Every structure is written in C-alpha cells, then in structure tokens.
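Trainee: I would like a close look at one part of this model. Please take the open sheet and what packs on it, then set it in its surroundings.

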Amino acid sequence: MSSWGRLTRLPHEVTRPPFLDDASSVIASPGKPILCRGLGRSYGDVCLNADGRLLVTDRLDRFQWLDLQAGRLRAEAGMSIDRLLRVIVPRGWFLPVTPGTKLVTLGGAVANDVHGKNHELAGTFGAHVERLGLLRSTGETLTLSRDQNAELFAATVGGLGLTGFIQWVELKLVPIRSARLDTDTLPIKDVDDFFRIAEASRDWPFTVAWVDCLAKGSDLGRGLFMRGRWAETGGLAVHRSPRLGFAPELPGFLLNAVTMRAFNALYRNRPHGLGTRTQHYDPFFYPLDALSSWNRLYGRHGFYQHQSVVPFPAARDSVKRMLETTAAQGQGSFLAVLKLMGDTPSPGVLSFPMEGATLALDFPNKGERTRRLLDTLSDEVLANGGRLYPAKDAVMSPAMFRAGYPGWRTVEAWRDPAFGSDFWRRVTGDAA
Ligand SMILES: Cc1cc2nc3c(=O)[nH]c(=O)nc-3n(C[C@H](O)[C@H](O)[C@H](O)COP(=O)(O)OP(=O)(O)OC[C@H]3O[C@@H](n4cnc5c(N)ncnc54)[C@H](O)[C@@H]3O)c2cc1C
C-alpha cells in the first residue's frame with residue numbers, strides 16, 4: 001500500500017469489509033496494530049501502518065438516515081463526498097466544508113479535520129459534525145459530540161484515526177439554490193498583492209490563490225486569485241464522472257524547472273482565465289479530480305507536499321521567504337496554493353488550521369535535495385509559530401510536530417492502544 005504521494009510501497013494486512021458488523025469484528029479481534037483508511041488521499045503516512053493491519057472503509061458507504069427538510073444526515077464513515085453529493089445536490093444541499101477533492105471519505109475528512117476554500121467563514125469540516133459513532137478495540141461503541149464524551153470527540157476530530165474506528169458521521173448541510181458559483185479570477189502581481197486582494201475579498205465566501213512558485217524578484221508570488229459564491233440560478237445538476245483518463249507515470253527527467261516554468265506560464269495565461277463567470281461546483285472546488293491518478297505524473301519516486309500555516313503578523317514575510325527559497329532551488333511545483341485561514345476555532349485538539357496564511361507546494365521526490373528543501377521550509381514555519389499539515393506530511397520531525405501540536409498528548413492519552421500509524425510512530429517516537 002502507498003499513500004497519495006507514492007513515496008513508499010509497504011506491505012500491510014488489508015481488509016475491506018462490506019458491512020459495519022464485519023468491520024467491527026476486525027477491530028475487536030486481536031492482532032498487529034490496526035488503522036482505518038478511507039480513499040488514501042492523504043499525501044504522507046497518516047493513512048499507512050506498515051507491517052500492521054489496515055481496515056479500508058470505502059465499502060461502508062450507506063446512509064443511515066437523511067433529513068432533506070432539515071438538511072441533516074447520518075452516513076457510514078466510508079461514504080465518499082463524491083457519492084454524497086450525487087444524492088444531496090439535486091435536492092438543494094451541499095457540504096458546509098469540502099476539501100479540494102471529492103474523492104475522500106467522511107471518516108477521512110473527520111480524522112484530518114479537513115478545510116476548504118471557505119475556511120475563513122466556515123472553519124473546518126469538524127465544526128459541522130454533530131455526532132460521531134466510534135468503535136474502540138474493546139468492542140465498546142460510543143457516541144461522541146461536543147456534549148457527549150466531549151474530550152474523546154475533541155481527540156477524534158483531527159485525531160488522525162488513532163482513537164478508534166469512526167463508524168458513522170452525523171453532519172449538518174447547507175442549502176444551495178444552484179449547483180453553480182459566480183466566480184471572479186484576478187491576476188496577482190506579487191505576494192503583497194495577494195494579501196491586498198485577499199483582504200478586499202472578505203465578503204466572498206470561497207477564496208484561493210494559485211501561485212507561480214518559480215517566479216523570482218519583483219514577480220515573487222505572482223499568480224491568480226480565485227473567489228466565488230453560490231449562484232442563485234443555474235439548476236442543480238450533479239457533477240459528471242471524470243472524462244479524462246488515467247494519468248501516465250512520467251519519467252523523472254521531464255519534471256524539471258523548464259517544464260514547470262512552461263506549465264506555470266500556460267496556466268497563468270490560459271484563455272478565458274480572468275474575470276467573472278459562472279461555473280459548476282466541480283471545476284471550481286475539485287479541478288484536480290478531472291484527471292484520475294494525477295499523482296502518477298510525478299513519476300515513480302513519488303512526490304512530497306509541504307503545507308504549512310503561519311500566523312499573522314509573521315505570515316506575509318514568511319510566505320515571501322518560503323517562495324524565495326523554493327524559486328532559488330528551482331524545485332518548484334505545478335501546484336502551489338496560497339490562502340488565508342480564519343479564526344474560527346477548530347473542534348479538534350490536533351486540527352491543523354489557525355488564523356494566518358497557508359501555503360501548499362508539491363515537490364517531485366529528488367531524494368536528499370528535496371528533503372533538505374523541505375527542512376528549510378519547516379524551519380521557517382517553526383521559527384514563526386506555524387505548523388505543518390499532517391495530512392500532507394511525510395518528513396516532519398518529532399520536534400516540529402510537538403511544537404506545532406501541543407495537543408498531541410491529549411490524543412495520545414485517548415489513543416486506542418490497538419491503533420497505530422506510521423505517522424504517529426514517526427512524530428511521537430511512541431510504540432504506536
Ligand atoms: C487533490 C487533493 C486535494 C486536497 N485538498 C485538500 C484541501 O483543500 N483541504 C484539506 O484539508 N485537505 C485536502 N486534501 C487532503 C485530503 O482531504 C485528506 O487527506 C483526507 O483526510 C483524505 O481522506 P481519505 O478518505 O482519503 O482518508 P485517508 O487518507 O485514507 O485517511 C486519512 C486519515 O483518516 C483516518 N480515517 C479514515 N477513515 C477512518 C475511519 N472510518 N475511522 C477512523 N479513522 C479514519 C486514517 O486513519 C487517516 O489517519 C486533498 C487531497 C488531495 C489528493
């Protein structure tokens with residue numbers, strides 16, 4: 001098994017049960033350390049448990065109930081956002097928070113407490129979870145919420161799957177009148193321009209910027225700023241299945257500064273790129289889902305993602321320094337994303353977001369050279385009171401993790417002793 005970054009391929013004892021009862025007996029049976037896994041869209045090792053057991057939940061994808069009047073539902077945790085949207089969008093509902101791919105499960109969204117383009121307004125996914133059903137390896141089933149088993153709820157939302165098997169998720173939805181969004185795309189001249197436009201876009205619920213991370217000097221941080229809000233008209237058509245096929249595995253030599261510069265120039269200057277228009281939620285929220293397995297484009301050695309958040313007021317200069325470092329190394333990526341995060345507190349003790357700026361950069365794995373660059377970026381984040389996102393991480397040191405996530409001891413205290421992951425063993429040095 002490997003994760004989305006495809007950095008390792010390691011043996012696991014895998015089960016993929018079709019029913020909750022089967023899954024429950026796997027969890028309760030003794031054996032090697034166990035971990036649940038959704039659709040494996042985490043980039044690093046939070047969804048890996050090498051030489052241990054993995055319970056893959058994607059067949060556990062049934063609704064338990066759906067209240068279309070109130071916009072509330074309870075579904076098994078293996079349900080994907082993709083499948084959920086196919087049912088709720090035609091009925092005028094959407095998820096309050098969605099990450100940049102719909103190919104994740106509800107359980108994975110809870111365990112990483114994912115965020116979306118509306119973090120400033122809506123907070124994280126976990127902020128909209130009303131209750132969770134958790135099975136511990138003792139066989140005990142618990143209902144968790146802010147009022148019931150509250151500490152375990154806080155350790156489970158963003159708890160990286162370590163507190164037990166999330167059986168079901170109860171969620172509140174948001175009403176939509178259209179499946180389309182009114183959007184506006186603006187050019188960004190440099191990093192200061194990004195902060196100016198982001199500040200001026202506070203009344204747009206969805207915002208994100210793509211940055212040309214190979215640009216230097218006065219162009220540092222140039223890119224495109226995308227903002228959107230739900231449209232009032234346009235129908236409630238659900239997304240289609242991807243039309244583009246399976247991406248090829250590209251040879252490593254194709255991934256160099258020249259090809260990336262060419263890609264960035266094409267992206268920045270793409271026809272009809274700028275200005276206002278109405279578009280369906282699928283290309284707006286999930287542009288990368290158009291090409292299945294795009295992660296293979298980074299070649300057989302896989303790729304890393306650095307996603308950090310740095311709080312204000314250090315954020316602006318820190319983002320500049322990180323982009324300068326990246327551009328100077330010429331190791332930049334196709335996909336560099338910059339976004340502000342808001343101050344809505346996350347319900348989870350280990351949740352990633354904090355008020356500030358988040359920067360996400362992909363790097364093809366070029367061995368030691370790439371790891372040194374990632375370390376330099378991490379040092380910059382650490383020095384400015386920020387942290388790295390576990391869902392994307394494959395290299396963070398224990399010191400970096402402990403500094404960014406003082407709540408880790410709470411999760412460790414609530415960790416189900418039968419559960420462990422490669423990530424947790426790496427960052428806590430624990431025997432998980
Ligand atoms: C193209 C792309 C765009 C993305 N954009 C964003 C974004 O905008 N914002 C963001 O926050 N993230 C983003 N991500 C990351 C992704 O949303 C998270 O990694 C998400 O958690 C993956 O869900 P999954 O179902 O694939 O879970 P996996 O990756 O399989 O597992 C993630 C974690 O959830 C745990 N888990 C899964 N199911 C259960 C369960 N039933 N019980 C207990 N634990 C469980 C696992 O143990 C693991 O710790 C993106 C990823 C991709 C590939």
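Mentor: What follows starts with the sheet and then moves outward. Keep in mind that this is a predicted model.

The open sheet has 5 strands. Their order is β4-β5-β9-β7-β8, and the pairing is antiparallel. In general, strands of a sheet pair through backbone hydrogen bonds, either parallel or antiparallel.

Which strands stand at the edges? They are β4, residues 63-67, and β8, residues 141-144. Each has a single partner strand, so one side of each is left without a neighbour in the sheet. From one strand to the next, the twist averages 15 degrees.

Look at the β8 edge. Strand β7 covers residues 129-135 and runs antiparallel to β8. The two are joined by 4 bridges. One pair to find on screen is Gly133 with its bridge partner in β8, Thr143.

Now the helix. Helix α1, residues 20-28, packs on this sheet. It touches β5 (72-76), β7 and β9 (165-172). The direction of α1 makes about 135 degrees with that of β9.

Leu20 is a good residue to select in that helix. Leu20 lies in α1. Is Leu20 buried or exposed? Leu20 has 20 C-beta neighbours inside 10 Å, so it counts as buried. The cut-off for buried is 20 or more, so Leu20 meets it exactly. Leaving aside neighbours within four places in sequence, Leu20 is in contact with Leu60, Glu76 and Gln167. Glu76 falls in the range of β5, and Gln167 in that of β9. Measure also to Phe423: Leu20 and Phe423 are 403 residues apart in sequence, and their C-alpha atoms are 26 Å apart in space.

Strand β9 leads on to the ligand. The ligand is surrounded by 32 residues. Which are the closest? They are Gly38, Gly100, Gly107, Gly108 and Gly161. Three elements give two or more residues to this shell: β2 (34-37), α3 and β9. Helix α3 gives the most, with 4 residues. By class, the shell has 17 nonpolar, 13 polar and 2 charged residues.

Just past α3 there is a backbone point to check. Asp113 sits in the loop between α3 (106-111) and α4 (119-122). Its phi is near 40 degrees, a positive value in a residue other than glycine. Most residues other than glycine have a negative phi, and most peptide bonds are trans. Asp113 has 28 C-beta neighbours inside 10 Å, so it counts as buried.

Arg6 makes a useful contrast. Phi of Arg6 is near 55 degrees, again positive in a residue other than glycine. Arg6 lies in the segment before β1 (13-15). With 19 other C-beta atoms within 10 Å, Arg6 is partly exposed.

There is also a cis peptide bond. It joins Phe312 and Pro313, with omega about 0 degrees. Pro313 is in the loop between β17 (303-311) and α9 (315-329).

Away from the open sheet, strand β18 deserves a stop. β18 spans residues 336-341, and 6 of its 6 residues are buried. Ala336, Leu338 and Leu340 point one way from the strand. Val337, Lys339 and Met341 point the other way. Note that Lys339 is among the buried residues here.

What does β18 pair with? One partner is strand β12, residues 206-211, in the antiparallel sense over 2 bridges. There, Ala209 stands opposite Leu338. Another partner is strand β19, residues 356-364, also antiparallel, over 6 bridges. Met341 has Gly356 of β19 as its bridge partner.

Last, the whole protein. It has 13 helices and 20 strands. Buried residues make up 49% of its 432 residues. The C-alpha atoms fill a box of roughly 60 × 50 × 40 Å along the principal axes. For 432 residues, a compact globule would have a radius of gyration near 22 Å, and the protein has 21 Å, which agrees. Among contacts between residues at least 6 apart in sequence, 75% join residues at least 24 apart.

Terms used: Residues numbered from 1 in each chain as written. Predicted model: local features only at pLDDT ≥ 70, side-chain atom pairs only at ≥ 80, totals over all residues. Pairing = 2+ DSSP bridges. Axes fitted to C-alpha atoms, helices over the stretch in contact; angles between N-to-C directions. Contact = placed C-beta atoms within 7 Å. Buried ≥ 20, exposed ≤ 12 C-beta atoms within 10 Å, placed from the backbone. Near = placed C-beta within 6 Å. Nonpolar A, V, L, I, M, F, W, Y, C, P; charged D, E, K, R; others polar. Rg over C-alpha atoms; globule rule 2.2 N^0.38 Å.
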